[in-house]
Amino acid sequence: MSVLLQIQNLSKTFHKDTVNEKIVFEKFSLQVEKGDFITIIGSNGAGKSTLLNMISGSIPMDMGNILLREKDISKEAEYKRTKMIGRVFQDPTMGTSPSMTIFENLSMAAHKGKKFNLTMGISKKDISQFIDLVGQLSLGLEEQMNTKVGLLSGGQRQALALLMSTISNPDVLLLDEHTAALDPRTSERIIELTQKIVEEKKITTLMVTHNLHQAISIGNRLIMMHKGNIILDIKGQQKNELTIEKLLNCFETVQKDDVFSDRLLFS
Amino acid sequence: MDFWINILEQGLLFGIMVLGVYITYKILDFPDLSVDGSFPLGAAVTAAALIKGIHPIFAIFLSCIAGMMAGAVTGYLHVKIKITNLLSGILVMIGLYSINLRIMQKANVPLFNQKTIFSIGIQPIWIILLFALFIKILLDIFLKTKFGFLLKATGDNPQLVTSLGIDIGFTKIVGLMLSNGLVALSGSLAAQYQGFSDIGMGTGIVVMGLASIIFGEAVLRKVSFILPTTMALVGSMLYKMSMAFALKLRFPTTDLKLITAVIVALALALNEKKIGASIKKIFIVGGECPVTNTKSIKNIS
């Protein structure tokens, strides 16, 4: 196993030198191995989303380095990093273009990393391939390929967004609570799809979730964050034996403060 | 008959400008005011070129290039210097006023004695139709290409374009260049058609473009499989028609801009569904009707 993503001494402070100064990260480090599927849990404000945002480059960091495939990407613009990073957001509208059809959306995603030139957006050979791909979602979308994505439900859109962000085989997939805005059943379905796609394509994945059950049952490594620190890091065999009870106990011994948000407890 | 042909000619001629405004306003979601400057820029470049004896077709080409440069400046101001989209457009529009005067050297340049594309003896309507259709079809094809998709997505969901590894600033600048290029081309044709170039001919071009787009959408949106570019062209003709009727009603020409502004404001205030409902309210008097599904009642009676 080789290291794919390295985060070294990351520091980030919001509203620096003001009354509202908030130190989110101080010398935070994390190593992600190739093929890892890491679930990240933690209370609100722990820095989970900020971490993903800094990896993808949508928030600049104050100090530290991010290395992807041993290449320092910390100074690169977001659009350059996204060539290697796929991402699905919590908001289902973020991952697709609503006034364009499923075909058009998929075509754009499939050409990621290639040249967007003046050749036809959808070629004949793409069509059957795209229909097959969408068929794998088994959501009945293959019959609405010319429907505008804005007319689809949140779950369908999120499934499509997931498909689009993985179609070009990114090095890293970042999932930022991508099922939080969906109803429980759809959420379950999207998680199944996520597992299937990630396993098939062997994409290294970081998934933020508030669902402890999901966090335990999925992936090979679990990280619990609190106030910008990793307070729990469980891998492999140890993770397989993990239960929600154990996780909660674990948390209490590490951290005495009452930091669990209601949302986490009720999940 | 002449009345209608005139409407068609002007509708199609300004329709090219409307297609340009459509790119920024509808596709990029960028309210670009610089077109108020790039339309007369096209006319000014054409006037200067024709007087120098340059071939009219080449003059159109030069105008188009000038317009694209103006669009690039707007894009640069917005993307690189991070000035808001409205203000970057206004800055370029104001700047172009002086540039246009410099190019023309006076406020009004008559072109009656110059050779234009309309002096080859064919009826102007055919020449204009050729240009308008050619550009419309080209734009339709462009919007189906990979880059065209990106342009659409840029206005629709900028985050997606970034996620695709594309610099959103780049697509915006290219879109603005295309748009202003078309507007300048339309200005060039307008100058040759009217037989003069005037420094004031750009005033209200943005609003005219918007009015046409809204007009076209309002009338044709229910028609299935209609392309938005068709709607824009038809809207432009409808707009010119309504202006012609306003003139027939003996409104002075100076009132036309006010009429345009009122029409656009009204259309935007009463968007699609609301129009039907508010018109109904005027004619239908009575209490509220809480039951909307009356099918079962009809079955009984």
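The exchange below goes through a predicted model of two chains, A and B, and asks what lies behind the terms used for it.

Reader: What makes chain A as compact as a globular protein of its length?

Author: Chain A has 10 helices and 10 strands. Its radius of gyration is 19 Å, and the globule rule gives 18 Å for 267 residues; the two values are close, so chain A counts as being as compact as a globular protein of that length. Taken along the principal axes, its C-alpha atoms fill a box of roughly 60 × 40 × 40 Å, and 39% of the 267 residues count as buried.

Reader: Why is A:D17 called exposed?

Author: A residue is exposed if 12 or fewer other C-beta atoms lie within 10 Å of its own, and A:D17 has 6, so the term applies. A:D17 sits in the loop between strand 1 and strand 2 of chain A, and its phi, near 60°, is a positive value in a residue other than glycine. As background, most residues other than glycine have a negative phi.

Reader: Why is A:R69 called partly exposed?

Author: The class of partly exposed residues lies between the exposed limit of 12 or fewer and the buried limit of 20 or more; A:R69 has 14 C-beta neighbours inside 10 Å and therefore falls in that class. A:R69 is found in the loop between strand 4 and strand 5 of chain A, and its phi, near 50°, is again positive in a residue other than glycine.

Reader: How do you know that strand 1 and strand 4 of chain A pair, and what is the order of strands in their sheet?

Author: Pairing needs at least two bridges, and 5 bridges join strand 1 (residues 3–14) to strand 4 (residues 63–68) of chain A, which run antiparallel. One of the partnerships is that of A:I7 with A:I66 in strand 4. The open sheet has 4 strands in the order 2-1-4-5, with antiparallel pairing. Strand 2 (22–33) and strand 5 (71–72) are called its edge strands because each pairs on one side only.

Reader: What makes strand 6 of chain A a strand covered on both faces?

Author: On one side A:I85 and A:R87 are buried, and on the other side A:G86 and A:V88 are buried as well, which leaves both faces of strand 6 (residues 85–88) covered. Strand 6 of chain A is joined by 4 bridges to strand 7 (residues 172–176), and the two run parallel; within that pairing, A:G86 has A:L173 as its bridge partner.

Reader: Why is helix 3 of chain A called mostly covered, and what covers its buried residues?

Author: Buried means 20 or more other C-beta atoms within 10 Å, and 7 of the 9 residues of helix 3 (residues 102–110) of chain A are buried. They are A:I102, A:E104, A:N105, A:L106, A:S107, A:M108 and A:A109. What covers them includes helix 4 (124–135) and helix 5 (154–166) of chain A, together with helix 6 of chain B.

Reader: Which elements of chain B touch chain A?

Author: In total, 20 residues of chain B are in contact with 26 residues of chain A. On the chain B side, helix 6 (146–156) and helix 7 (158–163) are the elements that give two or more residues, and helix 6 gives the largest share, 8 residues. By class, that side of chain B has 8 nonpolar, 7 polar and 5 charged residues.

Reader: How do you know that helix 8 of chain B has the span expected of it, and why is it called largely enclosed?

Author: At 1.5 Å a residue, the 27 residues of helix 8 (residues 168–194) of chain B should span 39 Å, and its end C-alpha atoms are 39 Å apart, so the values agree. Of those 27 residues, 21 are buried, so helix 8 is largely enclosed by the rest of the structure. After helix 8 comes B:G195, whose phi is positive, near 85°.

Reader: Which residues have the most contacts inside the largest nonpolar core?

Author: The core has 143 residues, and those with the most contacts inside it are B:I16, B:M17, B:V18, B:V21, B:Y22, B:F39 and B:A47. Helix 1 (residues 2–27) of chain B gives the most to this core, with 12 residues. Leaving aside neighbours within four places in sequence, B:M17 is in contact with B:F39, B:L182, B:V183, B:S186, B:I205 and B:G209.

Conventions
Residues are numbered from 1 along each chain as its sequence is written. Chains are lettered from A and ligands numbered from 1 in the order in which they are written. This is a predicted model: local features need pLDDT of at least 70, side-chain atom pairs count only at pLDDT 80 or more; totals for chains, interfaces and linings use all residues. A nonpolar core is a set of buried Ala, Val, Leu, Ile, Met, Phe, Trp, Tyr and Cys residues joined through C-beta atoms within 7 Å. Two residues are in contact if their C-beta atoms, placed from the backbone, lie within 7 Å. Ala, Val, Leu, Ile, Met, Phe, Trp, Tyr, Cys and Pro count as nonpolar, Asp, Glu, Lys and Arg as charged, and the others, Gly among them, as polar. The radius of gyration is taken over C-alpha atoms; the globule rule is 2.2 Å times the number of residues to the power 0.38. The expected span of a helix is 1.5 Å times one less than its number of residues.
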